[in-house]
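Let's take a friendly walk through a protein model together. Have a look at the picture first, and then we will go from one charged pair to the whole chain.

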Amino acid sequence: MSIKPDAWIKRMALNEGMIEPFSENQIRIDDQGQKLISYGVSSFGYDVRCANEFKVFTNIHSATVDPKVFDDNSFVDITSDVCIIPPNSFALARTVEYFRIPRNVLTICLGKSTYARCGIIVNVTPLEPEWEGHVTLEFSNTTNLPAKIYAGEGVAQMIFLESDEECEVSYKDRGGKYQGQTGVTLPKT
């Protein structure tokens, strides 16, 4: 198994549709000349952007968080270029990019240091072989202060690990419950 470099990522995105939309370079400045938290291809990964759709956790209903019986009312929906996460809370979002993972690739997501150094942790489970969709991102605010997330800017890096063999059963083969997700997706049982 090997980690895949920028040339492979570009080839797979442009020729195979692995990442859409796709930025071949690291984008650090917007069209108005404003600095951004970078996104796009890096040496051995791809920095994804956060879309402007957020679900911010709230406890106004005093619900118990149960992954088997999840209460949708535990979140407030926000559409904005900025999301404020309350202290010691979390929010869900999704990537701007839609992914189509090849059958012999496992993709790992790690948070960007810009957010980590502010106490904001990004969590994503691995993207399994032949999974496709927008990636649901979890942002945990570990601080006792409100924290800000910027839509349209880099939030995490995808690292692609290619196996020398294909798996016997892919995520698509077993009919994974998060296959083809297109929005911020809540837990499913």
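Is D47 buried or exposed? With a relative accessible area of 5%, D47 is buried. Here buried stands for under 20% relative accessible area, exposed for over 50%, and partly exposed for what lies in between (1.4 Å probe, protein chains only).

Before going further, a word on what you are looking at. This is a predicted model, in which local features need pLDDT of at least 70 and side-chain atom pairs count only at pLDDT 80 or more, while totals for chains, interfaces and linings use all residues. Residues are numbered from 1 along each chain as its sequence is written, and side-chain values use heavy atoms, with hydrogens and water left out.

**The whole chain**

The protein chain contains two helices and 14 strands; these are DSSP runs numbered from the N terminus, with helices (H or I) of at least four residues and strands (E) of at least two. Its C-alpha atoms fill a box of roughly 50 × 45 × 25 Å along the principal axes. The radius of gyration is 17 Å, which agrees with the value near 16 Å for a compact globule of 189 residues. That rule takes 2.2 Å times the number of residues to the power 0.38, and the radius is taken over C-alpha atoms.

Of the 189 residues, 45% are buried. Among contacts with a separation of 6 or more, 73% join residues 24 or more positions apart, where a contact means heavy atoms within 4.5 Å.

**Charged pairs**

Side chains of opposite charge can pair when their charged atoms come close. A salt bridge is counted when a side-chain nitrogen of Lys or Arg is within 4 Å of a carboxyl oxygen of Asp or Glu. By this rule the model has 10 salt bridges, and the table shows some of them.

| Salt bridge | N to O distance |
|---|---|
| E20 and R100 | 2.4 Å |
| D47 and K112 | 2.7 Å |
| R103 and E130 | 2.7 Å |

What does each pair connect? E20 and R100 meet in a salt bridge. E20 is in strand β2 (residues 19-20) and R100 in strand β9 (residues 90-100), so this pair ties together parts 80 residues apart in sequence. E20 is partly exposed at 39% relative accessible area, and R100 is partly exposed at 32%.

D47 and K112 also form a salt bridge. D47 belongs to strand β5 (residues 45-49) and K112 to the loop between β10 (105-111) and α2 (113-116), so they tie together parts 65 residues apart in sequence. Like D47, K112 is buried, with a relative accessible area of 12%.

R103 and E130 make a salt bridge as well. R103 sits in the loop between β9 and β10 and E130 in the loop between β11 (120-123) and β12 (132-141), so parts 27 residues apart in sequence are tied together. R103 is buried at 19% relative accessible area, whereas E130 is partly exposed at 22%. Together with E166 and D173, these two residues are linked in a network of salt bridges.

**Backbone details**

E130 deserves a second look: its phi is near 65 degrees, a positive value in a residue other than glycine. N88, also not a glycine, has a positive phi of about 50 degrees. N88 is in the loop between β8 (82-85) and β9 and is exposed, with a relative accessible area of 57%.

Finally, return to E20: the peptide bond from E20 to P21 is cis, with omega near -15 degrees. P21 is found in the loop between β2 and β3 (27-29).
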